[in-house]
Amino acid sequence: MSDYNFAYLDEQTKRMIRRAILKGLAVPGYQVPFASREMPMPYGWGTGGVQVSAATLTPEDTFKVIDQGADDTTNAVSIRKFFERTAGVATTEETEKASVIQTRHRIPEAELTEDQILVYQVPIPEPLRFLEPRETETRKMHALQEYGLMHVKLYEDISQHGAIATSYAYPVKVSDRYVMDPSPIPKFDNPKMEMAAIQLFGAGREQRIYAVPPYTSVVSLDFEDYPFEASKADHPCDLCAAEDSYLDEVILDDAGNRMFVCSDTDYCRSRREAGHVGRLGEEAAA
Amino acid sequence: MNQMTDNAVYAGGFSNPPVASAHAFRAAMNAMARPGMVQEITGATPPEGISLAAGSLLLTLCDPETGVFLAPDVDSDALRGWLTFHTGAPIVAAEEADFALGGWDALMPLDRFPIGTAEYPDRSTTLIVEVAGFDAPNATLSGPGIKDTAQIALPDPAACAGNAMLYPLGVDFFFTSGTQVAALPRSTQIRAEA
């Protein structure tokens, strides 16, 4: 621990990131450019989220990291260890006990409180990027609130598939001004973004930070006749029988057997500990 | 400058910069994320004339990359020396300021500070306004970061409401008094109390 400055980054870098976070909070949904640093992990492994977490953590914080909802996957384990080692902070897998939660592509099922901070890892922060590759143009489109192209994309979904087929990284409008990429969370999570916690987004490779303050309106784009729908697999969890959680589908064998389990491992564990048992629950616990 | 003020320049920094600035930033971030809510912020002991809260904000956010404007009521050799020694931030004119520090009247007129551009609204000044306290709310706030409404004491609600009209452009405010800080980002809607 003493081999590193607190939370790895040097103070000047943290100040630069902190200034970007404050401007991000002042203009919700606007992507603030920042001078992203090289981190001791490859781009795509959460370098943006790690830098935002490093600038945000205090020694008293309890830190949780999830990757697609799971605390025990490679990405989550390595980032958690990184901050255990460089910041000496306590870590937890329990959502309720964490004060700072770094996430890749999920929002925890448990409702977050005013005392919590959610840090998202973002691969492509620009929601218009796949529609317009030029940064100069997308910047102008945000400045002019020219978001027609995004509605055309959703309309083309409907004309080709009969419904809006976009199922993750579903575009939202923040505080009735900026269209924002919520990072590749499933659209099931979109309604949760109007929450009590502070949400910070870090994109390391693309060098952008943005933020959503608590209780900010976050509206998923849709049409009157094709309203937004927060969809999930139409099953209960096979381990904990939860009907309200986002599910992963797991192939069990080559005979077509499969199971659905909560993607939020902490939520599933706490439900099983509380005695809820799903279709394959006991088998898995044994 | 005599020997005593010379020494004062070197004193009053964060005793443990990585930890003190992390704590101070948490307070500043909570303030900016929850407009009108007062937070405790400490760590720095700035020269006579500015609050601990303002000094702590300066040490947390300023460095050689940020121009700081000092309004006439707080500008002094002691403060310039202290700020330069601890942050390296250049002292600049209001029109080029990333941060501005002073009392409300001394900082005015508001329209001389950068408000960002349509494509880069983040390139605007953050004003650190020294106030007497937060005890007499005269404005009701609503908007991002506020559950229903919040109350705050503003030096000039009409001017702040005018700034909010510029959204997404505009300046952002920290109000400091003693060891307390509250913030008013440009995204907040302001209604003056009758």
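**Exercise 1.** Leaving aside neighbours within four places in sequence, which residues is B:Val181 in contact with?

*Solution.* Note at the outset that this is a predicted model. Skip the neighbours within four places of B:Val181 in sequence. What remains starts with B:Ala27, B:Ala28 and B:Ala31. Next come B:Gln39, B:Ile41, B:Ala53 and B:Leu57. B:Phe174, B:Phe175 and B:Thr176 complete the list.

**Exercise 2.** Place B:Val181 in a nonpolar core, and find which helix gives the most to that core.

*Solution.* Start with the largest nonpolar core, which has 115 residues. B:Val181 is among those with the most contacts inside it, along with A:Ile21, B:Ala28, B:Leu57, B:Ala100 and B:Leu101. Now look at the helices: helix 2 of chain B gives the most to this core, with 9 residues. Another core, of 12 residues, lies apart from it. Its members include A:Cys240, A:Leu247, A:Phe260 and A:Cys268. For background: in soluble globular proteins, nonpolar side chains tend to be buried together.

**Exercise 3.** Describe the side of chain B that touches chain A.

*Solution.* Count first: 30 residues of chain B are in contact with 30 residues of chain A. Then find the helices. Helix 2 (17-33) and helix 3 (52-61) of chain B each supply at least two residues of this side. Helix 2 of chain B gives the most, with 12 residues. Finally, sort by class: the side of chain B that touches chain A has 16 nonpolar, 5 polar and 9 charged residues.

**Exercise 4.** How do helix 1 of chain A and helix 2 of chain B pack?

*Solution.* Take the geometry. Helix 1 (residues 11-26) of chain A packs against helix 2 of chain B at an angle of about 5°, with the axes 10 Å apart. Angles under 35 degrees count as roughly parallel, so helix 1 of chain A is roughly parallel to helix 2 of chain B. Now name the residues. From helix 1 of chain A come A:Glu11, A:Arg18, A:Ile21, A:Leu22, A:Leu25 and A:Ala26. They meet residues in helix 2 of chain B, among them B:Pro17, B:Phe25, B:Ala28 and B:Met32. The residues of this contact divide into 11 nonpolar, 1 polar and 2 charged.

**Exercise 5.** Profile chain B as a whole.

*Solution.* Chain B has 6 helices and 9 strands. Its C-alpha atoms fill a box of roughly 50 × 30 × 30 Å along the principal axes. A compact globule with 194 residues would have a radius of gyration near 16 Å, and chain B agrees, with 16 Å. Of the 194 residues, 52% count as buried. Among contacts in chain B with a separation of 6 or more, 68% come from residues 24 or more positions apart.

Note on methods. Residues are numbered from 1 along each chain as its sequence is written. Chains are lettered from A and ligands numbered from 1 in the order in which they are written. This is a predicted model: local features need pLDDT of at least 70, side-chain atom pairs count only at pLDDT 80 or more; totals for chains, interfaces and linings use all residues. Two residues are in contact if their C-beta atoms, placed from the backbone, lie within 7 Å. Helices (H or I, at least four residues) and strands (E, at least two) are DSSP runs, numbered from the N terminus. Ala, Val, Leu, Ile, Met, Phe, Trp, Tyr, Cys and Pro count as nonpolar, Asp, Glu, Lys and Arg as charged, and the others, Gly among them, as polar. Axes are lines fitted to C-alpha atoms, for helices over the stretch in contact, and angles run from 0 to 180 degrees between N-to-C directions. Angles under 35 degrees count as roughly parallel, over 145 as roughly antiparallel, 65 to 115 as roughly perpendicular and the rest as oblique. A nonpolar core is a set of buried Ala, Val, Leu, Ile, Met, Phe, Trp, Tyr and Cys residues joined through C-beta atoms within 7 Å. A residue is buried if 20 or more other C-beta atoms lie within 10 Å of its own, exposed if 12 or fewer, and partly exposed in between; C-beta atoms are placed from the backbone. The radius of gyration is taken over C-alpha atoms; the globule rule is 2.2 Å times the number of residues to the power 0.38.
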